[in-house]
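Morning, everyone. Let me walk you through a structure that will be new to most of you. Please have the sequence and the model open.

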Amino acid sequence: MMAKYERQFYPGTSVPAKNRKRFIDPKVKLEKLREIAMDDVVKILGHRQPGEDYKSIHPPLEESNEPDCPIRQMVTPIEGAKKGDRIRYVQFTDSVYFAPIVPYCRSWMYMSRFRGVDTGCLSGRNIIEMRERDLEKLAKELIENETFDPAKVGIRGATVHGHACRLDENGLMFDAWQRYRFNAKKGEVEYVKDQVALPLDKPISVGKPADEKELKKRTTMFRADDVDMRDDKEVMNMNLRIHRLRTLAGFQPWAIKGV
Amino acid sequence: MQGAPTPERIVLPEIMIMPSRLLSADTTEKILNKIYGVKYVRHINCQGESLPLKLTSGPGSGLLVNHPERKVIKVNGKDEELRILVGRIFVEIEDFEHVEETLQKIEKICEELLPFGFDLEVGRYSKFKPTVTDYANKRCS
């Protein structure tokens with residue numbers, strides 16, 4: 001009898017591989033490291049003022065006459081979709097200097113953990129598009145949990161450049177628009193602008209940055225100067241297999257046998 | 001940031017300082033002034049990440065960025081507007097015979113001002129004569 005299939009989420013036994021598994025596996029509860037008020041999250045996102053009503057793009061589903069369809073019966077709408085909220089976004093930039101999560105891993109994590117998310121992945125940043133009220137809750141969760149580090153992760157709607165730059169003297173990821181600064185007295189990072197660099201009325205603290213030792217424990221990043229991907233055989237084999245299939249068969253990987 | 005170099009008769013060597021962190025305006029000011037005090041230093045070039053004056057996209061387009069590191073610093077007695085967060089410094093040496101000696105002095109300055117680490121290299125990193133592109137773009141004749 002065959003053993004019951006258990007989803008592995010990510011191959012490998014190295015620290016980054018294990019962390020990737022933890023982030024992607026929806027059964028793992030991620031650690032909450034800081035507390036940020038919802039109003040502050042709303043201010044950083046900059047889509048509406050705290051306390052302001054949500055704008056809608058269609059009537060609530062209850063009031064509209066949706067045609068009868070099996071998909072509508074199968075899928076429970078998320079709260080924002082029920083109310084007809086606008087689609088809004090939040091975007092995170094992750095530094096190559098041991099940010100707790102990398103953009104590609106963010107996409108895997110979002111698809112595995114959350115509903116109603118549309119995500120876009122680039123080399124240094126990852127955007128989430130979602131109904132506004134759900135987005136705010138999700139953004140709060142992502143800023144508060146272990147995937148965020150105040151110095152190595154940035155909340156940036158535009159001009160995200162900086163993920164591959166060296167850090168500044170305070171250990172912060174470079175930001176040409178200076179949305180956040182280091183408060184040396186408190187040892188904390190403060191946002192002074194929202195994600196598109198419009199000034200905030202008062203600074204919002206997102207807590208103390210983790211030191212490099214701690215970040216290396218939490219990171220999902222393979223780096224030649226820390227855990228090299230080549231040292232994790234299973235991860236390397238999976239990547240080589242994907243590469244080989246794509247090279248030999250393009251978008252028809254099933255056409256190649258025995259790889 | 002650039003001074004006014006005199007034409008070079010021969011290609012002069014440069015020392016490249018590559019700090020492990022991007023330098024703040026204060027550190028940049030200190031290190032440049034110290035390096036200018038070293039004998040045989042002819043000219044210094046800096047490279048780094050650009051700090052724009054204004055926002056160029058998004059709803060805040062046109063607003064001032066007000067980056068605290070974009071400011072006027074005093075280098076070698078002159079006011080210079082720092083428009084970058086410095087990532088690399090190229091120091092041109094005017095005498096081949098004294099590169100090693102100058103390198104040691106610069107290393108001492110770096111050890112004092114760059115506690116987070118740095119790399120030093122000797123070579124030639126910037127342009128010393130017009131290229132084909134300069135002729136094509138009519139930057140020279």
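**A buried arginine, and outward from there**

A:Arg106 counts as buried, with a relative accessibility of 1%. Keep in mind that this is a predicted model. Where is A:Arg106 found? It is in helix α5 of chain A. And what does A:Arg106 touch, leaving out residues up to four places away in sequence? There are A:Phe92, A:Asp94 and A:Ile101. Then there are A:Asn126, A:Thr147 and A:Val153.

Stay on helix α5 of chain A, which covers residues 103–113. A:Trp108 is in this helix too. Is A:Trp108 buried or partly exposed? Its relative accessibility is 32%. Buried would need under 20% and exposed over 50%, so A:Trp108 counts as partly exposed.

Now the aromatic rings. Over all chains, the count comes to six aromatic pairs. One of them is A:Tyr10 with A:Trp108: the ring centres are 5.7 Å apart. The planes of A:Tyr10 and A:Trp108 meet at 45°, so this pair is tilted. It links distant parts of the chain, with the two positions 98 residues apart. A:Tyr10 comes from the segment before α1 of chain A. A:Tyr10 is buried, at 4% relative accessible area. Ring pairs also bring in A:Tyr104, giving a cluster of A:Tyr10, A:Tyr104 and A:Trp108.

Next, two other helices of chain A. Find helix α2, residues 38–45, and helix α6, residues 132–144. Their axes come within 10 Å. They cross at roughly 105°. Angles of 65 to 115 degrees count as roughly perpendicular, and α2(A) and α6(A) are therefore roughly perpendicular to each other. Which residues of α2(A) make the contact? A:Met38, A:Val41, A:Val42 and A:Leu45. From α6(A) come A:Leu135, A:Glu136, A:Lys137, A:Ala139, A:Lys140 and A:Ile143. By class, the contact of α2(A) with α6(A) has seven nonpolar residues, three charged and no polar.

Step back to chain A as a whole. It has eight helices and seven strands. Its C-alpha trace spans about 60 × 60 × 35 Å along the principal axes. Chain A has 259 residues, and 49% of them count as buried. Take the chain A contacts with a separation of 6 or more: 63% are between residues 24 or more positions apart.

On to chain B. How many helices and strands does chain B have? Three helices and six strands. Along the sequence the pattern is β-α-β-β-β-β-α-β-α. The C-alpha atoms of chain B fill a box of roughly 55 × 45 × 25 Å along the principal axes. Of its 141 residues, 36% are buried. For chain B contacts with a separation of 6 or more, residues 24 or more positions apart account for 76%.

Last stop: a helix pair in chain B. Helix α1 covers residues 25–36, and helix α2 covers residues 99–113. The axes come within 10 Å and cross at roughly 160°. That makes α1(B) roughly antiparallel to α2(B). The crossing of α1(B) and α2(B) is right-handed. On the α1(B) side, the contact uses B:Thr27, B:Lys30, B:Ile31, B:Lys34 and B:Ile35. On the α2(B) side are B:Ile106, B:Ile109, B:Cys110, B:Glu112 and B:Leu113. The residues of this contact divide into six nonpolar, three charged and one polar.

Conventions: Residues are numbered from 1 along each chain as its sequence is written. Chains are lettered from A and ligands numbered from 1 in the order in which they are written. This is a predicted model: local features need pLDDT of at least 70, side-chain atom pairs count only at pLDDT 80 or more; totals for chains, interfaces and linings use all residues. Side-chain values use heavy atoms; hydrogens and water are left out. Axes are lines fitted to C-alpha atoms, for helices over the stretch in contact, and angles run from 0 to 180 degrees between N-to-C directions. Helices (H or I, at least four residues) and strands (E, at least two) are DSSP runs, numbered from the N terminus. Angles under 35 degrees count as roughly parallel, over 145 as roughly antiparallel, 65 to 115 as roughly perpendicular and the rest as oblique. A crossing is left-handed if the near helix is turned anticlockwise from the far one by less than a right angle, and right-handed if clockwise. Contact means heavy atoms within 4.5 Å. Ala, Val, Leu, Ile, Met, Phe, Trp, Tyr, Cys and Pro count as nonpolar, Asp, Glu, Lys and Arg as charged, and the others, Gly among them, as polar. Rings of Phe, Tyr and Trp (its six-membered ring) pair if their centres lie within 6.5 Å; planes under 30 degrees apart count as stacked, over 60 as edge-to-face and the rest as tilted. Buried means under 20% relative accessible area, exposed over 50%, partly exposed in between (1.4 Å probe, protein chains only).
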